[in-house]
Amino acid sequence: MKYLVAGRPAIDAARINPADIVAAGEFIVFEGPWTLGAPVIARLGDDAIDDIRTSIGGLKAYAVEALAAAGAGEAFLVAAHRMRDLVAFQPYAEQVGAVVERFGGRFLARSVKAEMLGGDFVSDRAVILEFPTAADAVAFYVSDVYAPLMRIRHAVSDPRLLVMARAGALPAGARAAAESYLRARAASSH
């Protein structure tokens, strides 16, 4: 099984069964640019991914091996990185799991190499995390405990990262916390 990450137009073009869609809710980009459009996550078999690749040329999407089936979590963190230094990334990879768990998250997919299906989006590493709530996902990302790991990740990769709701809008509190963090980050970079 794999998770397909694509923009809504790509999912519609591929005629994905709605029962296979894990998440298609509102999102907020923390690290970009995110060039795939409004993200959708679908869980599909290898044959379905192969059929999509061969039947739709240039699909803006990527696939990543599934580690676990989605649970009841209401939010997902989707990250994709172009790596510049895998050796320097190792401390991040060794420590991030414990921090994710501390915020109630778990890995649905974690791959050294994302399988690109088309488009100009390229990723060397990809991850999909599931969190109980959007507030938990945002709290993880903006936390003091994750900050040192984020510095490592930013130093050794060209990251893309977003938080998205399973369905519907991101809850107002999570959106406000994310926007506050992004405003503060933008102000400190000037």
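**Close-up 1. H81 and its partner across the β6/β10 pairing.** In this predicted model, H81 has P159 of β10 as its bridge partner. The two strands involved, β6 and β10, run antiparallel and are joined by nine bridges. If you trace β10 through this view, you'll find that eight of its nine residues are buried, so the strand is largely enclosed by the rest of the structure.

**Close-up 2. A79, tucked away in β6.** Stay on strand β6 and look for A79. Is A79 buried or exposed? With a relative accessible area of 3%, A79 is buried, because the cut-off for that label is under 20%. What does A79 touch once its neighbours within four places in sequence are left aside? Its contacts are Y62, R125, A126, V127, R160 and L161. R160 is worth picking out: 81 residues separate it from A79 in sequence, yet their C-alpha atoms sit 5.5 Å apart in space.

**Close-up 3. The β3 edge of the five-stranded sheet.** Pull back a little and you can follow an open sheet of five strands, in the order β3-β10-β6-β9-β7, with antiparallel pairing. Strands β3 and β7 (106-111) are the edges, each pairing on one side only. On average, and ignoring direction, neighbouring strands here are turned by 15° against each other. At the β3 side, four bridges hold β3 and β10 in an antiparallel pair. Two residue pairs are handy landmarks: F27 stands opposite M164 in β10, and E31 has L161 of β10 as its bridge partner.

**Close-up 4. Helix α3 lying on the sheet.** Here α3 packs on the sheet, where it touches β6, β7 and β9. The direction of α3 makes about 160° with that of β7.

**Close-up 5. Inside the largest nonpolar core.** This core has 33 residues, and the ones touching the most other members are F30, L77, V96, L129, F131, F140 and Y146. Which elements give two or more residues to it? They are β3 (27-31), β6 (75-83), α3 (86-102), β9 (125-131), α4 (134-142), α5 (147-156), β10 (157-165) and α6 (172-188). The largest share, six residues, comes from α3. There's also a second, separate core of 21 residues, with L36, I41, I128 and L162 among its members.

**Close-up 6. Y146 and its surroundings.** Y146 is one of the core residues that touch the most other members. Leave out its neighbours within four places in sequence, and Y146 is in contact with Y92, V96, V99, F140, Y141 and R153. Two of these names, V96 and F140, also appear on that list of core residues with the most contacts to other members.

**Close-up 7. K2, a buried lysine in β1.** K2 belongs to strand β1 (residues 2-7). Despite being a lysine, K2 is buried, at 8% relative accessible area. What does the K2 side chain pair up with? A polar contact of 2.6 Å joins it to the side chain of E115. Beyond neighbours within four places in sequence, K2 is in contact with A42, R43, L44, D46, I49, A63, V64, E65, A66 and E115.

**Close-up 8. β4 and the strands that pair with it.** Five of the six residues in β4 are buried, so this strand too is largely enclosed by the rest of the structure. β1 pairs with β4 in the antiparallel sense over six bridges, and G7 has P39 of β4 as its bridge partner. Strand β2 (residues 21-23) also pairs with β4 in the antiparallel sense, over two bridges. In that pairing, A23 stands opposite I41 in β4.

**Close-up 9. A cis peptide bond on the way to β4.** The bond joining G32 and P33 is cis, with omega about 10°. Where is P33? P33 lies in the loop between β3 and β4 (39-44).

**Close-up 10. S180 on helix α6.** S180 sits in α6 and counts as partly exposed, at 37% relative accessibility. S180 and A139 lie 41 residues apart in sequence and 12 Å apart in space, C-alpha to C-alpha.

**Close-up 11. How confident the prediction is.** The protein averages a pLDDT of 92, and 96% of the residues score at least 70. Confidence is highest in α4, at 98, and lowest in strand β8 (residues 115-118), at a mean of 77. Where pLDDT is low, the predicted coordinates should not be read in detail.

Note on methods
Residues are numbered from 1 along each chain as its sequence is written. This is a predicted model: local features need pLDDT of at least 70, side-chain atom pairs count only at pLDDT 80 or more; totals for chains, interfaces and linings use all residues. Side-chain values use heavy atoms; hydrogens and water are left out. A nonpolar core is a set of buried Ala, Val, Leu, Ile, Met, Phe, Trp, Tyr and Cys residues joined through side-chain atoms within 4.5 Å. Buried means under 20% relative accessible area, exposed over 50%, partly exposed in between (1.4 Å probe, protein chains only). Contact means heavy atoms within 4.5 Å. A polar contact is a pair of N or O atoms within 3.5 Å; within protein, one must be able to donate a hydrogen and the other to accept it, and residues adjacent in sequence count only if both atoms are side-chain atoms. pLDDT is the predictor's confidence in each residue, from 0 to 100. Two strands pair if DSSP finds at least two bridges between them. Axes are lines fitted to C-alpha atoms, for helices over the stretch in contact, and angles run from 0 to 180 degrees between N-to-C directions.
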